[in-house]
Amino acid sequence: LRSSSPPGSRVRSAGRRGSAMASQTVPELRHRSQAADANGHGGGNCSDEGNREPTENYPPGHPKATRTLHLGRGSKAGETCRRISLSPQFKLFTLAIVAIVPLFGTVGFMPMVMLSLDIDGVMMQLPFYLVAIWISVQFLYNFAMSQFTDPGSPVHIKPTYEAIGQFEMVFADEPGRPKVTQVDSDLPLLYAPNWCDHCAHWKPPRTHHCSFCKRCTLRMDHHCPFSGNCIGARNHGHFVIMYIFAFLGLFYSLALCAAAIYTFPTSKAKTSAAYAIGDLLGVKQSPATKWMTGITGFIASFALQIFIRTNLQIALQTIFTGVALAAVLSFGIPALCFAATNVTMLEHNFPMKEYVQVKSQVYCPLGPGFYNKGIHANMVELLGRKWLLRLLLPTKGSGPDMQAAIAPRPSSAGCSALVARVKQVAEEGVQQQVKSCEQLGINPGPEAKTSGHVV
């Protein structure tokens, strides 16, 4: 959506007998026309491309049908792998594997660091151990909760207009904001109908079907194969906190390693890891190692300098921590950015999945950023009102805002953009038609398909 409609923009519409009108924004094209977000980036596109997540079916004959992911479908081995990855035994196994790192850091690594830093006495070491234990417990607790907490099911959630399967768009109560209704009607703005053929029920906004779990998930972010669970409305907060404490633990380990390396006395150079390896291999090592050129040479030289300036245990801990931090950063930074901006991974990877009905048979796509209400409001919605308690202690707190998961409220910028789009439809109407609403990714339900009408 865009707060001010650019020249050449059009809005999608669905006809009474399977025809639909689409919106394409010509200016500011990137790799393709896209639904503009609340910040005014991009534009609308009527194409079906990108409207389906990889866990849903494409219509027969669709050019992307052969690229749709259906893990294990038609394969006994694949079905067996699916059941194993969703089993409690597999989840406990992955939890045990993950637990090795913080347990070794607390029990095995901390004593070596305390010795290297010459920190003696229980009272002197206690603060360092308490921080390590706090980070480890928080990380493992939230990882386990992301595994074993149900992500949220829409099975018992009924649409506002159950006969046509449409949920009403709920706006925040702001003084002076006029009531937003459809063009030429007193009806409120409604989300496009979204029927799940696999589960045989209506899907609320931001809900998606996961073919791996074979179920629909409220406010689905993605399916996490490592945790063996979908990440949705009820466990997304645990998933985010897990990454926060993974970052804290790795940075804490790296800081202790750096302190141990910095304070390593030159008088003990012959006890360093490099000399220990040299003695093992029968090679004389020299601390005055020249730096090699190139990226690979720099990394190798840097690693060698670490081995020269500290003992073997601290050197290995530093290398392993750096590698783990690089891996966690590559996955964790996008996950935290999406959570902070109230965008799910599916919404980012497959934009224009959601539509709102602004007039009878007229649908407007909602772009990324439509629900972005600011970092604080987004995190409160995800973690609940007692978000600070959840960061301090291993607890669920008050839990996430499930009302926001069922009836998400758009941001102020999103509201303004949507009002501008409604005004545009009232003044300019719609122009371009496509063959059916299914081409837009809208599933009007079995009754509408049988009757040949589009709701």
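## A walk through the model, salt bridge by salt bridge

Glu381 is our way in: its relative accessible area is 14%, so this residue counts as buried. Select Lys373 along with Glu381, and you have a salt bridge whose closest N and O atoms are 3.2 Å apart. The lysine end is less hidden, since Lys373 has 31% relative accessibility and counts as partly exposed. Keep in mind as you click around that this is a predicted model.

**Zoom out for a moment**

Show the whole protein chain as a cartoon. You should be able to pick out 13 helices and 12 strands. The chain has 455 residues, and 50% of them count as buried. Switch on a surface and you are looking at about 22400 Å² of exposed area, with carbon and sulfur atoms supplying 65% of it. As for how the chain meets itself, take the contacts with a separation of 6 or more: 67% of them are between residues 24 or more positions apart.

**Next stop: strand S10**

Select residues 355-359, which make up strand S10. Four of the five residues here are buried, so the rest of the structure largely encloses the strand. Now add residues 362-365, strand S11; S10 and S11 run antiparallel and are joined by four bridges. To see one opposing pair, highlight Val356 and look across to Cys364 in S11. Two residues sit between the strands of this hairpin, and Gln361 has a positive phi near 70°.

S10 has another partner to look at. Select residues 190-191, strand S3, which pairs with S10 in the antiparallel sense over two bridges. Here Leu190 has Gln357 of S10 as its bridge partner.

**More salt bridges**

How many salt bridges does the structure hold? The count is seven. One of them starts from the strand you already have on screen: the side chains of Lys359 and Asp184 meet at 3.9 Å, N to O. Lys359 belongs to S10, while Asp184 is in the loop between helix H3 (122-148) and S3, so this salt bridge ties together parts 175 residues apart in sequence. Colour the two by accessibility and they come out unlike each other: Lys359 is partly exposed at 27%, and Asp184 is exposed at 71%.

Jump now to Arg206 and Glu347. Their side chains form a salt bridge at 2.7 Å, N to O. Arg206 is in the loop between strand S5 (201-202) and strand S6 (208-210), and Glu347 is in helix H8 (residues 345-349), so the pair links parts that lie 141 residues apart in sequence. Are these two buried or exposed? Arg206 is buried, at 1% relative accessibility, and Glu347 is buried too, at 17%.

Before leaving the charges, select Glu79, Arg82, Arg83 and Lys214 together. These four are linked in a network of salt bridges.

**Over to helix H4**

Select residues 236-262 for helix H4 and find His238 in it. With 1% relative accessibility, His238 counts as buried. What is it in contact with? Beyond its neighbours within four places in sequence, His238 touches Tyr141, Asn142, Met145, Ser146, Thr149, Arg390 and Lys396.

**Last stop: the rings**

Show the aromatic side chains as sticks; the structure holds seven aromatic pairs. One of them is Phe143 with Phe226, a tilted pair at 6.0 Å centre to centre and 50° between the planes. Phe143 comes from helix H3, and Phe226 from the loop between strand S8 (222-224) and strand S9 (229-231), so this pair ties together parts 83 residues apart in sequence. Phe143 is buried, with a relative accessible area of 4%, whereas Phe226 is partly exposed at 43%.

For another geometry, go back to H4 and select Phe239 and Tyr243. Their rings are edge-to-face, 5.2 Å centre to centre with 85° between the planes. Both residues lie in helix H4, four residues apart, which is about one turn of the helix. Phe239 and Tyr243 are both buried.

Finish by adding Phe139 to Phe143 and Phe226: ring pairs link these three into a cluster.

Notes:
Residues numbered from 1 in each chain as written. Predicted model: local features only at pLDDT ≥ 70, side-chain atom pairs only at ≥ 80, totals over all residues. Heavy atoms only, no water. Buried < 20%, exposed > 50% of the residue type's maximum accessible area, 1.4 Å probe, protein only. Contact = heavy atoms within 4.5 Å. Areas by Shrake-Rupley, 256 points an atom, 1.4 Å probe, with all protein chains shown as cover. Pairing = 2+ DSSP bridges. Phe/Tyr/Trp six-rings, centres within 6.5 Å; stacked < 30°, edge-to-face > 60°.
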